[in-house]
There are 2 protein chains.
Amino acid sequence: MRPNYAVALDVPLSPEVVEELRGEAWGVKIGIPLLLRVGVANTRELVRGWENVICDLKLADVESTMVSTVEALGGLCGGVIAHALVGRDGALDGLKRSLEENKVSLYLLVSMSHKGWDDSTLEAALKVAEAVDPEGLVGPATRPWVLRRVREAFPHKLILSPGVGAQGASPGDGLCAGADVEIVGRTIYTSPDPVEALRKIKTYAQEKLMSCEGTAP
Amino acid sequence: MRPNYAVALDVPLSPEVVEELRGEAWGVKIGIPLLLRVGVANTRELVRGWENVICDLKLADVESTMVSTVEALGGLCGGVIAHALVGRDGALDGLKRSLEENKVSLYLLVSMSHKGWDDSTLEAALKVAEAVDPEGLVGPATRPWVLRRVREAFPHKLILSPGVGAQGASPGDGLCAGADVEIVGRTIYTSPDPVEALRKIKTYAQEKLMSCEGTAP
């Protein structure tokens, strides 16, 4: 297994750096702060050529607002992340339909990476996700047991995993627990050399993967 | 009691209409779709002079992203709405601190207005809200029993209530169940005469309030 990374862009990096990161990463994750700071059009320009552009607005609203939000992104995203816990009727069912019409993938967040997140809701979130049948899931690298449960529930879905770096997980923790792609933000975009930072993370993850493969789910 | 309304602007209305609505409404609620469509600067221009500007991005992310999002809004909002269910440590506690420093009010959403929302999380959300101690709460006009529970838990906090109009509740339903302000969006911004639509809603709510006052919580 190759260590796949999505670079979280919460702040703009120079077009040259973003372009160089493209050669090293699986994809790029766009956050609300970037969209508000530079606008949709400039963000589209910045990530031109990337194969996987995931818009992470943590959608958690009623159907009409989520659909309207994705429309306002005007084709920027190949995938969007929404909270599973908003539920189906009047929310995710309608979002899924709208995304399918526009050939945008849905990734459902079933658990978050920070300490205050309450995982007593995990099974309910997984149940919603099973019914909605998204393209992929999002679960935390900071709590590998949660990620293993997500992988168990969805053996064949793509799993994205934040929490590596500033949030406390080490590179490879998410991959070893069953994720396909780790998401890294601050460690990359606050580095004086973001491309080198990503390369180091990948090297570290590669070594960790060698020690966990075979034991990973 | 006077029927107080917040106008949800998910799409831009003309500056003249927005200005006229100001004379009739308690406040304006700004959604992500509007911010993405017209940008932060134009939105600020559109709501200049409004006393209560509530930015409703349904924040539901880790602390650093929520704080960065509010920073990117650059003083546009007097208040922001966040999901109680993201929890405190690494999320709402830090957001609250940052908002206090910037004199922005926090409103915590403890239950949503659509059918698919699962209110088995209500008590957990109220518990988070009690610990975070926000300026106000957000609960659904479509499920008055939930709103009554929110009012019971927070006798003295401001409660905002969406769900009136397109989502099924009648004007006054939220106010009669204990809310201070009802939020109306589509019924107003899709009307050929938004100001007249708001006036009609207020008249309807006023009548309903006369019949429920004394019985309301």
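Between chain A and chain B, 12 residue pairs are in polar contact, both partners at pLDDT 80 or more; a polar contact pairs N or O atoms within 3.5 Å, one able to donate a hydrogen and the other to accept it, and residues adjacent in sequence count only if both atoms are side-chain atoms. On the side of chain A that touches chain B, helix H2 (32-46), strand S3 (53-59), helix H3 (63-72) and helix H4 (88-101) each supply at least two residues. That side divides into 15 nonpolar, 12 polar and 9 charged residues.

This is a predicted model, where local features need pLDDT of at least 70 and side-chain atom pairs count only at pLDDT 80 or more, while totals for chains, interfaces and linings use all residues. Residues are numbered from 1 along each chain, chains are lettered from A, and side-chain values use heavy atoms, without hydrogens and water.

Let's stay with the two chains a little longer. They bury about 2800 Å² between them, 61% of it on carbon and sulfur atoms; this is accessible area (1.4 Å probe) lost on being put together, summed over both. In chain A, Leu36(A), Asp89(A) and His114(A) lose the most area to chain B, together 19% of what that side buries. There are also 4 salt bridges between the chains, each a side-chain nitrogen of Lys or Arg within 4 Å of a carboxyl oxygen of Asp or Glu. Lys58(A) forms a salt bridge with Asp61(B), with the closest N and O atoms 3.2 Å apart.

Key:
Buried area = accessible area lost by both parts, 1.4 Å probe. Helix = DSSP H or I, 4+ residues; strand = E, 2+ residues; numbered from the N terminus. Nonpolar A, V, L, I, M, F, W, Y, C, P; charged D, E, K, R; others polar.
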